[in-house]
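Please look over the sequence and the model first, and then work through the questions below one by one.

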Amino acid sequence: MNPFRWSFRAQFLTGFLACAGLLGYALYVQFQLGIEPCPFCIFQRLCFAALGLMFLFGGLHAPKAAAGRRAWGVLAFLPAVAGMAYAGRHSWVQMYPPGMPTCGPGLNYIVEQYSWLGAARKVLQATGDCANIDWAFLGLSMPMWTFLWFVGLGLGALYAGFKGRNSRKLLG
């Protein structure tokens, strides 16, 4: 059961399940543990959702042609890169907190005032509450873990898209 030998479909559907599980855990942390997400967290969730959708659509499509698999691999890698950028910046803000006490206005207000692209730019300038570390595991905060997940899932998408087809398949 070596996952590196699994078919494109199995690898992409596993990526989808990983993203769904991570989003489910984020909702558990928010609603059961009571840790409110900052704007960085929201954008990381959106990146996981986009990555999960790319994994799902790519896994359901499961093209036989190498070009199609490569296209899905690159399409899945793009939200992973965006997630790495948000998680990396969030980790940076946590490691080197600014002197400001808050992240600024809420995400809804930012989107209404600046559009999604402007909101993304504003979130990258977040301060204060985004620097709080409310959750840690093995010495790493949640954005540090999400960064690692984005790296792993992004590289996994590229691997699945660019590896040669093997004769032994799992799930077609």
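**Pockets, core and single residues**

Q: Which helix gives the most to the lining of the second largest pocket?
A: A pocket is found on a 1 Å grid over the protein atoms alone, as an open set of points where a 1.4 Å probe fits, with protein on both sides within 12 Å along at least five of seven lines, and its lining residues have an atom within 4 Å of a point. Helix 1 and helix 5 each supply at least two residues of the lining of the second largest pocket, helices being DSSP runs of H or I with at least four residues, and strands E runs with at least two, numbered from the N terminus. The most lining residues, six, come from helix 5.

Q: From which number are the residues counted along each chain?
A: This is a predicted model, in which local features need pLDDT of at least 70 and side-chain atom pairs count only at pLDDT 80 or more, while totals for chains, interfaces and linings use all residues. Side-chain values use heavy atoms, with hydrogens and water left out, and residues are numbered along each chain, as its sequence is written, from 1.

Q: What pattern does the protein follow when read along the sequence?
A: The protein has five helices and two strands. Read along the sequence, these elements follow the pattern α-α-α-α-β-β-α.

Q: How many charged residues are in the lining of the second largest pocket?
A: The 15 residues of this lining include Pro3, Gln11, Thr14, Gly152 and Gly156, which lie nearest the pocket's centre. For the classes, Ala, Val, Leu, Ile, Met, Phe, Trp, Tyr, Cys and Pro count as nonpolar, Asp, Glu, Lys and Arg as charged, and the others, Gly among them, as polar. By that division the lining has ten nonpolar residues, five polar residues, and, of charged residues, no members.

Q: Why does Gln11 count as buried?
A: Gln11 sits in helix 1 and touches Pro3, Phe4, Trp6, Tyr159, Ala160 and Lys163, leaving out residues up to four places away in sequence, where contact means heavy atoms within 4.5 Å. Buried means under 20% relative accessible area, exposed over 50%, and partly exposed in between, with a 1.4 Å probe and protein chains only. Gln11 counts as buried because its relative accessible area is 12%.

Q: About how much space lies in the largest pocket?
A: This pocket is lined by 27 residues, among them Val29, Cys41, Met142, Pro143 and Thr146, which lie nearest its centre, and the lining has 17 nonpolar, six polar and four charged residues. Grid points are joined across faces, edges and corners, and a volume is the space filled by probe spheres set on the points. The space in the largest pocket comes to about 570 Å³.

Q: How far apart in space are Gln44 and Thr146, C-alpha to C-alpha?
A: Gln44 is found in helix 2 and is buried, with a relative accessible area of 5%. Its contacts, not counting residues up to four places away in sequence, include Pro143, Thr146 and Phe150. Gln44 and Thr146 are 102 residues apart in sequence, whereas from C-alpha to C-alpha they are apart in space by 7.9 Å.

Q: Which element gives the largest share of the largest nonpolar core?
A: A nonpolar core is a set of buried Ala, Val, Leu, Ile, Met, Phe, Trp, Tyr and Cys residues joined through side-chain atoms within 4.5 Å. Of the 26 residues in the largest such core, Phe12, Leu51, Phe55, Phe150 and Leu153 touch the most other members. Two or more residues each come from helix 1, helix 2, helix 3, helix 4 and helix 5, and the largest share, seven residues, comes from helix 3.

Q: Is Leu138 buried or exposed?
A: The phi of Leu138 is near 55°, a positive value in a residue other than glycine. Most residues other than glycine have a negative phi. Leu138 lies in the loop between strand 1 and strand 2, and because its relative accessibility is 69%, it counts as exposed.
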